[in-house]
Amino acid sequence: MVKRSPLFNLQKTLGARFTEFAGFEMPIQYSSIKEEHLTVRKTVGIFDVSHMSNVWITGPGAEKLISLTTLEDASKIENNKSQYTAILREDGTVIDDTIFMHLEDKYMMIPNAGADEIVTNWLNEKAKEHNIDALAENVSDDYVILAIQGPKSRDAIQKLTKTDIKTVGFFGCQYINLAGVDCIISHTGYTGELGFELQITPPKKAEDVFKKILEAGKDYGIRPIGLGARDTLRLEKGFILAGNEFKGGRTPLEAVMSYFINWDHDFIGKDELLKQKEKGDYERLTSMICIEKGIPRQDCEIKKDGKKIGVVTSGTMSPCLNSGIAMGYVHPDYREKESIVEIMIRDKSVKAKVVRPPIVPKDWASQN
Amino acid sequence: MSNEVKSDLKYTDSHEWIKIKGKTAKVGITDHAQSELTDIVFVELPEVGKEIKKGEEICIVESVKSVTEIYAPISGKITNVNKKLEESPEIINESPYDEGWLIEIEISNNSEINDLLDSDSYKKII
């Protein structure tokens, strides 16, 4: 059964075209992916990301359970802070990447769309195996998630709350009353711009919040944004999409997530990661900009001097750069910054330059 | 959603339009097709002089999220391609029936023209 967001009817009246993604029928675009993309880079956009999952982790062992099952030592994450991390199998490959929020005596985890059951079951199994007194509860159907992203996002939602949103620091999270609704706000997002995400329950309250934010952002030219632009926005920043970049089993070292690995604690998958790190010869996720015409797509081969050195996991036309951009796994010897590789697009070789993310720099909008 | 259909053109059920003038067929994609595809950001055109058979893939039109093959509505030799699309593929969105044409074909088999749809038949399928 394909699920629909509680905002489906509102989105339809706003002109959304829909697509199926991870079991959800969600807006892919309202007007044009390019226009929506540039709106977020330059001003502000609002996304319904209810397809993402919500899992409460409660009980005296909640912190211990998160530390055991993720790259992060949860004891280091203070109250009202959130953290990006990943959950690994014993073999070191990623089950899902996720954010968890520390909210007083419990944690809310946001696994990817369609990963709710897998993650919830995994956490509860591991709690049982390791005698940890904690419970993971899949509450995905109880929440609507809205993302307000772009340089004017803070100004727009500030109009709807008495809380000074400036006090919600980067990756901060807290309970808030916004647009007349008690919800959770976090200073997080998937666009590389200033942005916030709201967790709203019960779902029926979300439509009014969505409308009020559209109204509050009117002066800034706010637009509703679909999943099409969400994908191009994240790819320009080199952010991972689990279904693409972890497909087939990849470790956080391969995905170049070393920054998020806290080696000072024990976690499931750590032993295998240490072995891989020691060997060092693994493929690494690499960002590329095409210097010839062409749009790389998933599964395109990456070559150097005619020899296969990797494969594209995500590719698109960058609305900011107007060039093809891609991410893919590349052999460690061929991913030096500025080096030129060939991406095979329908039997034609298109030259691309290796870059370090973000593919589109932070100050792009102010310079364009 | 925009769905303009011109009465002086022929069509295919895969949303190409064909304008026949003597032995030449000018080919593009319909207003309905460009509207479904949305922002067109890349077009791959065939080489002039290439012999093509009806139903063969002749062009690739890409939007931000999708790759769409365009098929030859008629057999013949490619005599001209719209080079402007290489620099400005968005012309297809702006002017699908005029500035945004794709290729011209020298028709090799006139009887194939009878297989094409007229505007009324095309309207029924969109």
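In chain A of this predicted model, Tyr84(A) has Ile99(A) of β7(A) as its bridge partner. Strand β7 (residues 94-103) of chain A runs antiparallel to β6(A), and seven bridges join the two. Strands here are DSSP runs of E with at least two residues, helices are runs of H or I with at least four, and both are numbered from the N terminus. Residues are numbered from 1 along each chain as its sequence is written, and chains are lettered from A in the order in which they are written. Local features need pLDDT of at least 70 and side-chain atom pairs count only at pLDDT 80 or more, while totals for chains, interfaces and linings use all residues.

The wider setting is an open, antiparallel sheet of five strands in chain A, ordered β6-β7-β8-β5-β9, where strands pair if DSSP finds at least two bridges between them. At its edges lie β6 (82-88) and β9 (135-138) of chain A, each pairing on one side only. Helix α3 (residues 62-69) of chain A packs on this sheet, touching β5 (55-58), β6, β7 and β8 (106-110) of chain A. Contact is counted when C-beta atoms, placed from the backbone, lie within 7 Å.

Turning to chain B, four helices and nine strands are found, and from the N terminus on they run β-β-β-α-β-β-β-β-β-α-α-β-α. The radius of gyration of chain B, taken over C-alpha atoms, is 13 Å, close to the 14 Å given for 126 residues by the globule rule (2.2 Å times the number of residues to the power 0.38), so chain B is as compact as a globular protein of that length.

Key. Contact = placed C-beta atoms within 7 Å. Axes fitted to C-alpha atoms, helices over the stretch in contact; angles between N-to-C directions.
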